[in-house]
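Open the model in your viewer and pick a cartoon view to begin with. We will go from stop to stop, selecting a few residues each time and looking at what is there.

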Amino acid sequence: MEVTFYFNVRNREQALCQLVGKALARGMQLNVLAGSEAAATALDRLLWEVPQIGFLPHCAADADIAAITPIVIDHRYEKLAVRDALFNWTDGVPQGFQQYERVVEIVEQDEEQRAAARERWRAYQGHGVTPVAVDMLKLAQGGAA
């Protein structure tokens, strides 16, 4: 099991779309856990709009087509069937995260978000997981993570 923190992200929503798109291109089945119903609705709208020339097929966990849809977005953890990866769009460590092969955290440059991410990092460590850090600013500049 791997937990990856993508940090120094300029736009969290854009990074989510890019990372979800890459995972989808690799044939992965994904869950995006939102922190609230409003956040799940906003992410639903976002994935309809980005990328502008593509489409990221998604639905809610209780949709009739959830089992065959590559991306499931929901705020109700208990409704999510375990898939290849979990994108955590909440403020905490998701319950049952250990069931996933991969958990992805996306952290903007905002100091408040960075502080919350550091708490989640320590919480994952407390569960016996050593997270991996990927510096998106360095990657954007052509450097190593």
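**Stop 1: the sheet**

This is a predicted model, and our tour begins with its open sheet of seven strands. Trace the strands in the order β3-β4-β2-β5-β6-β1-β7, and note that the pairing is parallel. Strands of a sheet pair through backbone hydrogen bonds, either parallel or antiparallel. Now color residues 58–59 (β3) and 132–135 (β7): these are the edge strands, each pairing on one side only.

**Stop 2: strand β1 and its two neighbors**

Select residues 2–9, which make up β1. On one side, four bridges join β1 to β7, and the two strands run parallel. Show F5 as sticks and look across to A133 in β7, which stands opposite. T4 has a bridge partner in β7 too, namely V132.

Turn next to β6, which is joined to β1 by six bridges and also runs parallel to β1. Here T4 stands opposite V104, and Y6 stands opposite I106.

Is β1 mostly covered or mostly open? It is mostly covered, with six of its eight residues buried.

Before you leave β1, click on N8, which lies in this strand. The phi angle of N8 is near 60 degrees, a positive value in a residue other than glycine. N8 counts as buried because its relative accessibility is 15%, and the cut-off for buried is under 20%.

**Stop 3: strand β6**

Select residues 102–108 to see β6. How many residues of β6 are buried? The count is seven of the seven, so β6 is largely enclosed by the rest of the structure.

In a regular strand the side chains alternate between the two faces of the sheet. Show the side chains of β6 to see this: R102, V104, I106 and E108 point one way, while V103, E105 and V107 point the other way. Both groups are buried.

β6 also pairs with β5 in the parallel sense, over four bridges. To find a matching pair, select L86 and look for V103 in β6, which stands opposite.

**Stop 4: A85 and L30**

Now click on A85, a residue of strand β5. A85 counts as buried because its relative accessibility is 3%. Leaving aside residues up to four places away in sequence, A85 touches M28, Q29, L30, N31, Y100 and R102.

Try the distance tool on A85 and L30: they are 55 residues apart in sequence, yet 5.0 Å apart in space, C-alpha to C-alpha. Then add the surroundings of L30. With the same kind of neighbors left out, L30 touches V20, A23, L24, P70, I71, V72, R83, A85 and F87.

**Stop 5: the nonpolar cores**

In soluble globular proteins, nonpolar side chains tend to be buried together. The largest nonpolar core in this model has 26 residues, and L30, L43, I71, F87 and I106 touch the most other members. Show these five as spheres.

Which elements supply at least two residues each to this core? They are β1, α1 (12–25), β2, α2, β4, β5 and β6. The most comes from α1, which gives seven residues.

There is also a second, separate core of 17 residues. To find this second core, select C59, L86, Y100 and V107, which are among its members.

**Stop 6: helix α3**

Select residues 111–126, helix α3. α3 lies across β1, β5, β6 and β7, running at about 155 degrees to β6. At 1.5 Å a residue, its 16 residues should span 22 Å, and the end C-alpha atoms are 23 Å apart, which agrees.

Look down the axis of α3 and highlight A117, R120 and Y124, which are buried. These residues cover an arc of only 60 degrees around the axis, which puts them on the same side of α3. The buried residues of α3 pack against β1, β5 and β6.

Where are the exposed residues E112, E119 and G126? Rotate the helix to find them on the face of α3 turned away from its buried side.

Conventions: Residues numbered from 1 in each chain as written. Predicted model: local features only at pLDDT ≥ 70, side-chain atom pairs only at ≥ 80, totals over all residues. Heavy atoms only, no water. Pairing = 2+ DSSP bridges. Contact = heavy atoms within 4.5 Å. Axes fitted to C-alpha atoms, helices over the stretch in contact; angles between N-to-C directions. Core = buried A, V, L, I, M, F, W, Y, C linked by side-chain atoms within 4.5 Å. Buried < 20%, exposed > 50% of the residue type's maximum accessible area, 1.4 Å probe, protein only. Expected span 1.5 Å × (residues − 1). Arc of directions from axis to C-beta.
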